[in-house]
Amino acid sequence: MLNDLEQLCAAPGVSGDEGEAANTAERLLAPLGTVTRTSLGSVLCRMPAPREGLPKVMLAAHLDSIGMMVFQITDRGFVRAAACGGLDRRALSGARVTLHATGEDPGPLPGVVLATPPHLSDGKSLPPKTDSLSIDLGLSAAEARRRIRHGDRITLDGPLVGLLGDRVASACLDDRAGCAAVIAAARMLAGCNTAQICVALVSQEEVGSAGASTAAFLLQPDYAFAVDVSFGITPDDVKAEYPSNSDTADRIKDGLWEDLGFEITTYDEPGSSIRSEALEAIAQQLGRIGFKVTYRTVSKSRMSTNLGRGEFE
């Protein structure tokens, strides 16, 4: 599994441009079944089923990582970039990055996120805003414009490194760790005779989860397990029964969530009520802890039309 994780972390795959990460995922999944790629860049693997009529189980994780995207090249050769996904701007000042250029003489270009030195600041300077980052590649304006195109993705440098205690660190463990775990689980389930196993390593999770929506529609699983990362442990962690976010805490009363809810949408299965019955059961279970859940069903043709138009809600 560690070898798989190292290969996945070494492949760039910022949201919307997961190509190299998808190539690595395809290679790792190829021995397990039939591998295809969706138009949005997700990698799907349908493992062989021992017989017809078995429930279909989908193992999912997201392939994309946070990063940046070029939107301007200045007359001094600096690159202006915006965030792809939820970048933490506190960690960006002076960060080393790689720009994956697609213009003339394409390839990776090393750079650094610009930051005002502390001794030149007024002591009140803030980290750079994630919607307007400046990156120095050491190129003239003419050379930068020759090699770089608007929309080129930028990754944070951070290859997989081993820590003490069998732990690892990388700039893209979210969610290459989940991908490696899903691939390892699929290998363990090879030859399963009680279900058909499918794997979905999906695109664009960091910018709206479009890859997951379309992959689930294509595979139509009966059950799904999604694997993603959580927060790491830090020395100043405070143990609490509930999340420390004040807004969240204010919404908890007597162990129940108040004024929180969401809507679930699925499509009708002709001749079967299994989906609507499952939604009703989910709504009842979440209702017991205070969530307000509404659900609706639409026709399969309408769902297909909406997804084709890029409407994923």
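The legends below describe close-up views of a predicted model.

**View 1. The whole chain, with eight helices and 17 strands.** The chain has 313 residues, and 36% of them count as buried. Its accessible surface comes to about 18,100 Å², and carbon and sulfur atoms hold 52% of that area. Among contacts in the chain with a separation of 6 or more, 69% are between residues 24 or more positions apart.

**View 2. An open sheet of five strands with mixed pairing.** The strands stand in the order β1-β2-β12-β3-β13. The edge strands are β1 (34-37) and β13 (223-226), each of which pairs on one side only. On average, neighbouring strands of this sheet are turned by 20° against each other, direction ignored. Within the sheet, β2 (residues 43-46) and β12 (residues 196-202) are joined by four bridges in the antiparallel sense. One residue to look for in this pairing is C45, whose bridge partner in β12 is V199.

**View 3. Helices α2 and α4 against the five-stranded sheet.** Helix α2 (residues 19-29) lies across β1, β2 and β12. The direction of α2 is at about 170° to β1. Helix α4 packs on the sheet and touches β3 (56-62) and β12. The angle between the directions of α4 and β3 is about 155°.

**View 4. Strand β9 and its pairing with β4 and β6.** Strands of a sheet pair through backbone hydrogen bonds, in either a parallel or an antiparallel manner. Strand β9 (residues 153-156) runs antiparallel to β4 (residues 67-73), and two bridges join them. Here M69 has R153 of β9 as its bridge partner. Strand β9 also pairs with β6 (residues 96-101), again in the antiparallel sense, over three bridges. In the pairing with β6, V97 stands opposite L156 of β9.

**View 5. The salt bridge between R187 and D4.** The closest N and O atoms of R187 and D4 are 2.5 Å apart. R187 lies in helix α4 (residues 173-188) and D4 in helix α1 (residues 2-10), so this pair ties together parts that are 183 residues apart in sequence. R187 is partly exposed, with a relative accessible area of 37%. D4 has a relative accessible area of 6% and is buried, because buried means under 20%. The R187 and D4 pair is one of six salt bridges in the count.

**View 6. The salt bridge between R147 and D105.** In this pair the closest N and O atoms are 3.6 Å apart. Since R147 lies in helix α3 (residues 141-147) and D105 in the loop between β6 and β7 (107-113), the pair ties together parts that are 42 residues apart in sequence. R147 counts as buried at 14% relative accessibility, whereas D105 counts as partly exposed at 46%.

**View 7. The salt bridge between R146 and E143, and the network with E104.** The closest N and O atoms of R146 and E143 are 2.9 Å apart. Both residues lie in helix α3, three residues apart, which is about one turn of the helix. R146 counts as partly exposed at 28% relative accessibility. E143 is also partly exposed, with a relative accessible area of 26%. A network of salt bridges links E104, E143 and R146.

Key. Residues are numbered from 1 along each chain as its sequence is written. This is a predicted model: local features need pLDDT of at least 70, side-chain atom pairs count only at pLDDT 80 or more; totals for chains, interfaces and linings use all residues. Side-chain values use heavy atoms; hydrogens and water are left out. Two strands pair if DSSP finds at least two bridges between them. Buried means under 20% relative accessible area, exposed over 50%, partly exposed in between (1.4 Å probe, protein chains only). Contact means heavy atoms within 4.5 Å. Accessible areas come from the Shrake-Rupley method with a 1.4 Å probe; for residues, only the protein chains shown count as cover. A salt bridge is a side-chain nitrogen of Lys or Arg within 4 Å of a carboxyl oxygen of Asp or Glu. Axes are lines fitted to C-alpha atoms, for helices over the stretch in contact, and angles run from 0 to 180 degrees between N-to-C directions.
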